[in-house]
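Got the viewer open? Let's take a short walk through the cysteines and then the nonpolar cores.

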Amino acid sequence: MNVKQLVTHYTQNELPRLAFSTKAAYVSYLKSWIVPAWGNHQLREVKAVQVEGWLASLPLKNGSRAKIRNILCSLFSHACRWELTDRNPITHVRQATQRAAQPVILSNDEITALLGELGEPAHTAVFVALATGLRVSELLALQWQDINFSNNTLTPTRGIVDNHVGGLKTASSAASVPASKEVTDALARWRERTLYKEPTDWVFPSPKMGGKQPYWQDSLMRKVIWPAAKRAGISKRIGWHTFRRSLASLLVV
């Protein structure tokens, strides 16, 4: 069996067990990197030292290289489980996971400036992301029924990735998230303005889709948040995860 055949077997028998977001990431790495480089290699031909050297040559950050290494390891573990091979060479592959550069974090002043440039619903979405640390997949999949205004909590019950609404990334994500009164007050003010107020309506619905789907995270970031950041004088390359990191940094301080 070669690696390409193993990938097909893995895709059919293992990937369906994974969450949609994880599965999508695995498929992307398999198609873009692993199969082109190793697809024609017989399983017995894959050696730890060669894989390690290949990973080092990739024009990717350490985190992405580590993900590829881990997917390869899962691939060969799957082969061992199904008795398609009796060895997993990837267990001996070394790959650093630490970031080569410091993650982007916003200061209090930058957060204030950014929020000042944002209109609705981006203002409330970013404020909630900054104040609660919700993943963007959880944030944009919120419905009004997920918000308890009386005890100031949010309870994610679904996630959205690539416009696909599915389960949460982890089981722990389903726990209620404490929110300050400022957060629920901001959400209440937005609910008064939005056209979609029913319990099963999206909190941040896409007007282009008539409220039937939430905003698409990349579109909201690219078309609204990045221009607002530029107007606010923020030159940092921010993304949705920037808000989670900024919250964590502020909590540590």
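Start by selecting Cys73 and Cys80 and drawing a line between their sulfurs. For Cys73, the closest cysteine sulfur is the one in Cys80, 9.1 Å away, so the gap is too far for a bond. Keep in mind that this is a predicted model. A disulfide would need the two sulfurs within 2.5 Å. Go back the other way and Cys80 has its closest cysteine sulfur in Cys73, again at 9.1 Å and too far for a bond. Now turn on the surface: which is buried and which is partly exposed? Cys73 counts as buried because its relative accessibility is 15%, while Cys80, at 28%, counts as partly exposed. Searching the whole structure turns up 0 disulfides.

Next stop, the largest nonpolar core. It has 39 residues, and Leu114, Leu139 and Phe243 are the ones that touch the most other members. To see where the core comes from, colour the helices that give it two or more residues: H5 (108-117), H6 (122-132), H7 (136-139), H8 (181-193), H9 (217-231) and H10 (240-252). H6 gives the most, with 6 residues.

Zoom in on Leu139 now. What is it in contact with, leaving aside neighbours within four places in sequence? Show Ala125, Val128, Ala129 and Leu134, then add Phe204 and Trp240, and you have its contacts.

For the last stop, select Leu6, Tyr29, Ile34 and Ile71. These are among the 26 residues of a second core, separate from the one you just left.

Notes: Residues are numbered from 1 along each chain as its sequence is written. This is a predicted model: local features need pLDDT of at least 70, side-chain atom pairs count only at pLDDT 80 or more; totals for chains, interfaces and linings use all residues. Side-chain values use heavy atoms; hydrogens and water are left out. A nonpolar core is a set of buried Ala, Val, Leu, Ile, Met, Phe, Trp, Tyr and Cys residues joined through side-chain atoms within 4.5 Å. Buried means under 20% relative accessible area, exposed over 50%, partly exposed in between (1.4 Å probe, protein chains only). Helices (H or I, at least four residues) and strands (E, at least two) are DSSP runs, numbered from the N terminus. Contact means heavy atoms within 4.5 Å.
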